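Biologist: Could you walk me through this one? I'd like to hear the reasoning behind the labels.

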Amino acid sequence: MNELLRVEHLTKHFPLTRGVVLSRTIGQVRAVDDVSFSIGRGETLALVGESGCGKTTTGRLILRLESPTSGHVYLDGVDIHQLRGRDLHRFHLRVQAVFQNPWSSLNPRMRVGDIIAEAVVVNTRASGRQLRERVAQLLNEVGLDPRHGALYPHEFSGGQRQRIALAAALSCEPDLVVLDEPVSALDVSVQAQIVSLLRKLRLEHAVSYLLIAHNLAMVRYVADTVAVMYLGEIVEQAPSAELYADPRHPYTRALLASTLVPDPDAQREDIILTGEPPSPADPPGGCRFHTRCPFVMDVCRTIVPERVHPSPKHTVACHLYRD
């Protein structure tokens with residue numbers, strides 16, 4: 001599969017300050033630490049983990065909403081944080097986003113049709129009948145009636161608003177859409193509809209997704225590859241089917257054990273994590289997961305684990321699998 005996006009050693013540290021008038025830096029929050037992955041054309045990669053693990057910051061770095069402390073993000077081999085002028089404008093058309101809260105991500109003062117048409121005009125300079133037909137087509141594709149274009153966002157339910165946000169993102173005909181917790185604010189029944197819609201739209205538009213989520217049950221039906229983050233680092237990454245069939249890192253196994261399964265009689269591993277994740281302003285030494293890991297060893301407290309490859313496309317950073 002042709003590579004579309006490549007992230008290399010991406011790092012983002014935020015200064016931690018004290019004081020208001022005479023503020024001084026007393027440390028740094030290590031939000032993202034040495035993260036690397038790639039996304040192929042038409043592929044979905046999911047970043048999963050608990051709140052505060054660095055998923056959203058990674059997404060913001062890829063959207064150029066944040067600048068990295070170090071590392072690089074390449075789109076078709078070009079470093080996106082070096083883009084300027086027309087190249088930067090083209091990047092913003094090629095990479096779109098759908099955010100978590102459908103109640104705040106849409107302009108409440110604009111009609112739905114105008115929200116979608118705005119991006120169409122910027123991208124294609126269409127007007128008149130051609131523009132109206134394009135907006136109607138996009139509303140149809142996300143399961144809404146073209147007549148809904150005359151309404152305002154507050155006249156729709158949460159699931160419908162998320163459909164509108166998807167239509168607006170796809171109006172630019174992007175190569176990549178960053179989906180930041182796109183269903184977490186919706187009812188469970190609506191979540192299933194949006195997940196099904198995401199799969200359909202990916203095939204119809206040949207678009208790639210970076211899916212940021214904490215719901216592993218939902219990710220299973222959308223993602224081709226899953227990367228599990230903990231405290232700013234990717235601790236395990238594998239093709240979706242392989243990760244769910246053979247999770248290796250204790251954190252991944254704990255996340256999977258916490259998800260509901262359709263069959264209540266199915267055998268499953270019970271791994272219960274104790275405590276809260278440490279602060280990213282003061283991460284523990286060695287393996288960052290060792291303070292909560294049920295399989296912790298002495299080496300975990302002092303030495304950072306190296307990545308090993310259980311299979312060619314499966315990586316895990318854990319001392320349980322060292323030679």
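Biologist: How many salt bridges does a search of the whole structure find?

Modeller: The search finds 17. A salt bridge here is a side-chain nitrogen of Lys or Arg within 4 Å of a carboxyl oxygen of Asp or Glu. Keep in mind that this is a predicted model, where local features need pLDDT of at least 70, side-chain atom pairs count only at pLDDT 80 or more, and totals for chains, interfaces and linings use all residues. Residues are numbered from 1 along each chain as its sequence is written, and side-chain values use heavy atoms, with hydrogens and water left out.

Biologist: What makes Asp-33 and Arg-288 a salt bridge?

Modeller: Their closest N and O atoms are 2.4 Å apart, and the cut-off is within 4 Å, so the pair qualifies. Asp-33 lies in strand E2 and Arg-288 in the loop between H9 and strand E11, 255 residues apart. Helices (H or I, at least four residues) and strands (E, at least two) are DSSP runs, numbered from the N terminus.

Biologist: Why is Asp-33 called buried?

Modeller: Its relative accessible area is 8%. Buried means under 20%, exposed over 50%, and partly exposed in between (1.4 Å probe, protein chains only), so the label fits. Arg-288, also at 8%, counts as buried too.

Biologist: And why is Glu-3 called partly exposed?

Modeller: Glu-3 has a relative accessible area of 37%, so it falls in the in-between class. The side chain of Glu-3 meets that of Arg-6 in a salt bridge of 2.9 Å, N to O.

Biologist: How do you know that helix H9 is largely enclosed?

Modeller: Eight of its eight residues are buried, so the rest of the structure largely encloses H9.
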